[in-house]
2 protein chains.
Amino acid sequence: MPKKNQPLNLEDIAERAGVSRSTVSRVINNEPYVSQKTRMKVEQVIEEVGFTPNPVARMLVTQKTRIIGVVIPHTLDDVFDDPFYFPTLLQGVAETTNANDYGMLLWLGQSDEDEARFHRRVLQNRLMDGLILVSIRVNDPWIEQLLESDIPFTMVERPRQFEEHVSYVGLDNVQAAQMAVKHLIGLGYQRIGTITGALDNYDALDRLDGYKIALENAGRDVDETLIADGDFRYQSGYDAMQYLLSQGVDAVFAASDRMAMGALQALQEADLRVPDDVALVGFDDLPGALRSKPPLTTIHQPIRQKGARAAEILLNLIEGEITAPQQVILPTKLVVRQSCGGAD
Amino acid sequence: MPKKNQPLNLEDIAERAGVSRSTVSRVINNEPYVSQKTRMKVEQVIEEVGFTPNPVARMLVTQKTRIIGVVIPHTLDDVFDDPFYFPTLLQGVAETTNANDYGMLLWLGQSDEDEARFHRRVLQNRLMDGLILVSIRVNDPWIEQLLESDIPFTMVERPRQFEEHVSYVGLDNVQAAQMAVKHLIGLGYQRIGTITGALDNYDALDRLDGYKIALENAGRDVDETLIADGDFRYQSGYDAMQYLLSQGVDAVFAASDRMAMGALQALQEADLRVPDDVALVGFDDLPGALRSKPPLTTIHQPIRQKGARAAEILLNLIEGEITAPQQVILPTKLVVRQSCGGAD
DNA sequence: CAATTTTCTGGGAGCGTTCCCAGAATAATG
DNA sequence: CATTATTCTGGGAACGCTCCCAGAAAATTG
């Protein structure tokens, strides 16, 4: 028998096993009401010919694809100045999807593509049971559109709009930034500046808030001239640090490690020592933070878990295990190294 | 009219436009033999209700999914010591898939998952028209299995087995490594060592070959004691450098920038100056190479294009534009910075 | 052991498309 | 204006599953 390249189907298996299509289907889906004997026979045939049911046909009837989308809009160049974050997050998502036999469709916004087109492509492609939104900008229409479309989705930042209607896995950014700044205050620094992340980003806003709150809690005034706008990237940290030096600071909280490293560079070029002349705290705890000179005091965040949890919530939403939006805040912790001083 | 949440189908559109299902299908697929008048009418209705045809139903009949898979087997921890590579490659792939309205299904092998299970999940999931294989290890069964299964696929490294049967986009690694080492020779270094990549990786093998060839071409003997095994990662570069110092070297070619940076660290700790005491050349031209101290001489490779081209070839293969396997070698170039000396 | 319940099995319908074919309408021909 | 060629249109069949229902077989009852 010439086995032509085998798109076998249920009926073929049924025939070979001497049963009906329906029975084979029952066996495959582990349904009850199949006698032990026929079940074994069918399983044997399936094993023999290496049959896998056509997922597309199944999707068509069940109206479920077992695919989730991961959307990273806007060009990645921003995100990728810290290329560590994104792959780690994806690994977290994959952890969950792999374990639950879901697929993961990745949507990367292209720099030269207009946003509307990208939105349409993703939203109209009705191939996904749900979506994970990564690094959504403040006021981005994604959230609203998705809420209307009633496609289940989760975010990996705490949004500020629609917060109670949206599922997300976030950090206690405010709290974390507060910890960092409080630590600097505790060490006796007087003029503590900050380098913010891109202020169209939810995390950046929260970290800035945390900075302010920490100062206020310590009974200090927030000096707006000590707040330098950055965008999470190395270069912006470098530039911001130069500005802050002109303002006079003795400590700086940077909203990302990449910026802290940029700041470090600026300080070194100005022949200033860290932490003796200026203390530095970052955020993220990148692998490189450990190796910088001096090693960077920073806030550790569990990126991988963020992805994994976000995917878990999404799957629960999809499978109707839960129906109300779910919000999770993952813990961060302050990792004290040498860049903030006070260790000795 | 209470618009219940709208899974409209062709027939619904047909009704509203006063035509038949078939005609609507023709309009959507831009087929001829539709009168201008009805075409306009149908298009208007589609626009009005915002209809998109169900992709799953379409897949079922056309037997095409317009989805490609990107497979990164094995745990990513290796790959992610250099997290830059992988996202950049994905961006390249996305460039092509976005432009051609394909989706990109990402498969990340999980560390705790056995390989066989992973293979099955990806191969049996007949949801992809083709695959891109990233960072496949030497002798990995993937290649053979895929060749048998006649699923179109491309690789982003030049494999050493089945080379003529496989489509790939690679680098002229041998040539590139040769350039690097030749450059060191030209600068007069005498004891030139190398730190290899993980030797179960095709690129690593080629780069090692290039190193040897360069020495031979210069009429020198290859001294095996000056070849230190690394695995592309920072730490391995550090360790290997310490070994090479014990052997006595005045220049080192590292098969990745990450390892070169690790080596740099080892050199600094040994109070040796680069390039005065030991010269260093890396591979990859990571963004960080520019910022290391001293800036790293390295081989630049077009990662993003690699992804884009691999995807292009795959789509051609899928759509039958080409049928024979296609091999592409992308150019690399030597970027001379300070770490190799001779600049002044 | 007849009557009822329970387990098991097969076939029809349907998911929403595309493809194919036949027939209607229109245009081009002698 | 009859005939042929061409454009246009609609409906059946198929893709490969799951779901539902009805009927057969087996197990459980009084």
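The exercises below, with worked solutions, concern a predicted model in which chain A and chain B contact DNA strand C and DNA strand D.

**Exercise 1. Describe how chain B and chain A are related in space, and name the C-alpha of chain B nearest the axis.**

Solution.

Step 1. Superpose chain B on chain A: the operation is a rotation of 180° with 0.0 Å of shift along its axis, and the RMSD is 0.1 Å.

Step 2. Classify the operation. The two copies are therefore related as by a two-fold rotation axis.

Step 3. Locate the axis in chain B. The C-alpha of B:L105 is the nearest to it, at 2.2 Å.

Step 4. Compare the contact residues of the two copies. Of those in chain B, 96% recur in chain A, and the same surface serves both copies.

**Exercise 2. Characterise the interface of chain B and chain A by residues, area and polar pairs.**

Solution.

Step 1. Count the residues in contact: chain B supplies 47 and chain A supplies 49.

Step 2. Take the area. About 4300 Å² is buried between the chains, with 54% of it on carbon and sulfur atoms. On the chain B side, B:N98, B:R126 and B:R291 lose the most area to chain A, together 15% of what that side buries.

Step 3. List the charged and polar pairs. The rule finds two salt bridges across the interface. One of them joins the side chains of A:R121 and B:D101, at 3.4 Å from N to O. There are also 16 residue pairs in polar contact, counted with both residues at pLDDT 80 or more.

Step 4. Assign the chain B side to secondary structure. Two or more residues each come from α4, α5 (85-99), β2 (103-108), α6 (115-124) and α11 (257-269) of chain B. The most come from α5(B), which gives eight residues.

Step 5. Sort that side by class: 23 residues are nonpolar, 12 polar and 12 charged.

**Exercise 3. Determine which residues and elements form the surface near DNA strand C, and which of its atoms they approach.**

Solution.

Step 1. Collect the surrounding residues. There are 28 around DNA strand C, and A:S22, A:R26, B:L10, B:R21 and B:S25 come nearest.

Step 2. Look at the strand side. Within 4 Å of the protein, sugar and phosphate account for 59% of the atoms of DNA strand C.

Step 3. Give phosphate contacts. An N or O atom in the side chain of A:Y33 is 3.1 Å from a phosphate oxygen. Backbone N or O atoms serve in two further cases: that of A:S35 lies 3.0 Å from a phosphate oxygen, and that of B:N54 also lies 3.0 Å from one.

Step 4. Assign elements. At least two residues each come from α2 (21-28) and α4 (55-62) of both chain A and chain B. With five residues, α4(B) gives the most.

Step 5. Sort by class: 11 nonpolar, 12 polar and five charged residues.

**Exercise 4. Repeat the analysis for DNA strand D.**

Solution.

Step 1. The strand is surrounded by 29 residues, of which A:L10, A:R21, A:S25, B:S22 and B:R26 are closest.

Step 2. Sugar or phosphate makes up 62% of the DNA strand D atoms within 4 Å of the protein, and bases make up the rest.

Step 3. A base nitrogen lies 3.5 Å from a backbone N or O atom of A:A57. Phosphate oxygens lie 2.9 Å from a polar side-chain atom of A:R58 and 2.8 Å from a polar backbone atom of B:S20.

Step 4. The element giving the most to this surface is α4(A), with five residues.

Step 5. The classes are 12 nonpolar, 12 polar and five charged.

How values were computed: Residues numbered from 1 in each chain as written. Chains lettered and ligands numbered in written order. Predicted model: local features only at pLDDT ≥ 70, side-chain atom pairs only at ≥ 80, totals over all residues. Heavy atoms only, no water. Near = heavy atom within 4 Å. Polar contact = N/O pair within 3.5 Å; in protein donor to acceptor, adjacent residues only side chain to side chain. Helix = DSSP H or I, 4+ residues; strand = E, 2+ residues; numbered from the N terminus. Nonpolar A, V, L, I, M, F, W, Y, C, P; charged D, E, K, R; others polar. Contact = heavy atoms within 4.5 Å. Buried area = accessible area lost by both parts, 1.4 Å probe. Salt bridge = Lys/Arg side-chain N within 4 Å of Asp/Glu carboxyl O. Least-squares fit on C-alpha atoms with pLDDT ≥ 70 in both.
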